[in-house]
Amino acid sequence: MTDTILDKIKAYKLEEVAADKAARPMADIEADARDAPPVRPFADALHHATLDGYGLIAEIKKASPSKGLIREDFDPAALARAYTAGGAACLSVLTDTPSFQGAKDYLVQARAACDLPVLRKDFMYDPYQVAEARALGADCILIIMASVSDAQAQELEDTATEWGMDALLEVHDKAELDRASRLKSRLMGINNRNLKTFETTLDTTRELSRDVPEDKLIVSESGLSTPEDLADMARYGARIFLIGESLMRQQDVETATRQLLANPMTGGVM
Ligand SMILES: O=C(O)c1ccccc1NCC(=O)[C@H](O)[C@H](O)COP(=O)(O)O
């Protein structure tokens, strides 16, 4: 069978982490993590935002494997300020370089430019990356269930907790949802994009949302672009959204963010 993009990303990411460890041992990274600015509560900020509106995790994303270059005029600090002014509750910053043209320093720049909690958006396999995330200032990490074993997911979650960070669990099918439901993290991300084929459909949130345990907060991820999309997802119990491309393509990011979040759905859940 041919490798999927996720297989390819995992292969180079493990090589990258091995090289990073050789260049800077874990003890050095841990020392930096202990000196990092205090954690900003990520899940709490999202929960608070959902009480009278939507919780937006606004993504700083320059390029992607499915779309290539998304935004040429790319200044992480300016984007962080625009998202904050537009009403985002949290930021997500891609730190992967080969596939997303991201950078670790983009996270540092974005977080320094605002007061929002920040997700390190990367492909995580090793506690080293979690400590590194904290050293960069991250407040939350991503755990992609399709790409890790149960034991790895548990180890990543435990390490995030030890550093005081939250973890966003990401699932795309029922089997992944069942595995993620056994973890403690509150944030259950339903990725509308199949990371193996790139097919993106909001049916994924519509279908999986009904099986998400009640104590979890549903985060609908990918392929969202209009207020109607958000209202649609809210009818299925998702009031938190992770959005990158559609906002990154706007010239006026602040206004686009504000318009997207205006008039949140207040009715009941299906
Ligand atoms: O975005 C991709 O093409 C992609 C490909 C392979 C693995 C991950 C990928 N994206 C990561 C994400 O989950 C999205 O950046 C995030 O959910 C925002 O999605 P969107 O609003 O569609 O940019």
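**Entry 1. Elements and overall form**

I take helices as DSSP runs of H or I of at least four residues and strands as runs of E of at least two, both numbered from the N terminus. The model I examined is predicted. I looked up its elements and found 12 helices and 10 strands. I then turned to the overall dimensions. Along the principal axes, the C-alpha atoms occupy a box of roughly 50 × 40 × 35 Å. The radius of gyration is 17 Å, which agrees with the value near 18 Å for a compact globule of 270 residues. I noted that 46% of the 270 residues count as buried. Among contacts with a separation of 6 or more, 69% join residues 24 or more positions apart.

**Entry 2. Helix α3**

Which residues of α3 are buried? In this helix, residues 42-50, I found F42, A43, A45, L46 and A49. I viewed α3 down its axis: these buried residues fall within an arc of 160°, so they line one face of the helix. I recalled the general rule that an α-helix has 3.6 residues a turn, so residues three or four places apart point the same way.

**Entry 3. The packing of α4**

I looked up two partners of α4 (residues 76-86), beginning with α5 (residues 104-112). Their axes are 8 Å apart and meet at an angle of about 45°. An angle from 35 to 65 degrees is neither roughly parallel nor roughly perpendicular, and α4 and α5 are therefore oblique to each other. I recorded the crossing of α4 past α5 as right-handed. On the α4 side the contact is made by P76, A77, L79 and A80, and on the α5 side by Y106, Q109 and A110.

The second partner I examined is α12 (residues 253-261), whose axis lies 7 Å from that of α4, at an angle of about 30°. Angles under 35 degrees count as roughly parallel, so α4 is roughly parallel to α12. This crossing, too, I entered as right-handed. From α4 the contact uses L79, A82, Y83, A85 and G86; from α12 it uses V253, E254, T257 and R258. I noted L79 in the contact with α5 and again in the contact with α12.

**Entry 4. Positive phi at F198 and S222**

I next looked at backbone angles, bearing in mind that most residues other than glycine have a negative phi. F198 is not a glycine, yet its phi is positive, at about 75°. I located F198 in the loop between β8 (187-191) and α9 (203-208). Is F198 buried or partly exposed? With 14 other C-beta atoms within 10 Å, F198 is partly exposed.

S222 also has a positive phi, near 80°. I placed S222 in the loop between β9 (217-221) and α10 (227-234). S222 counts as buried, with 27 C-beta neighbours inside 10 Å, the cut-off for burial being 20 or more.

**Entry 5. D139**

Where does D139 lie? I found D139 in the loop between α6 (127-136) and β6 (140-144). D139 is buried, because 28 other C-beta atoms lie within 10 Å. Setting aside residues up to four places away in sequence, I listed V39, R40, F42, P117, V118, M165 and D166 as the residues D139 touches. Of these, F42 is one of the buried residues of α3. I also looked up the separation of D139 from P264: these residues are 125 apart along the chain, and their C-alpha atoms are separated by 26 Å.

Technical notes: Residues numbered from 1 in each chain as written. Predicted model: local features only at pLDDT ≥ 70, side-chain atom pairs only at ≥ 80, totals over all residues. Buried ≥ 20, exposed ≤ 12 C-beta atoms within 10 Å, placed from the backbone. Arc of directions from axis to C-beta. Rg over C-alpha atoms; globule rule 2.2 N^0.38 Å. Contact = placed C-beta atoms within 7 Å. Axes fitted to C-alpha atoms, helices over the stretch in contact; angles between N-to-C directions. Parallel < 35°, antiparallel > 145°, perpendicular 65-115°, else oblique. Left-handed = near helix turned anticlockwise from the far one by under 90°.
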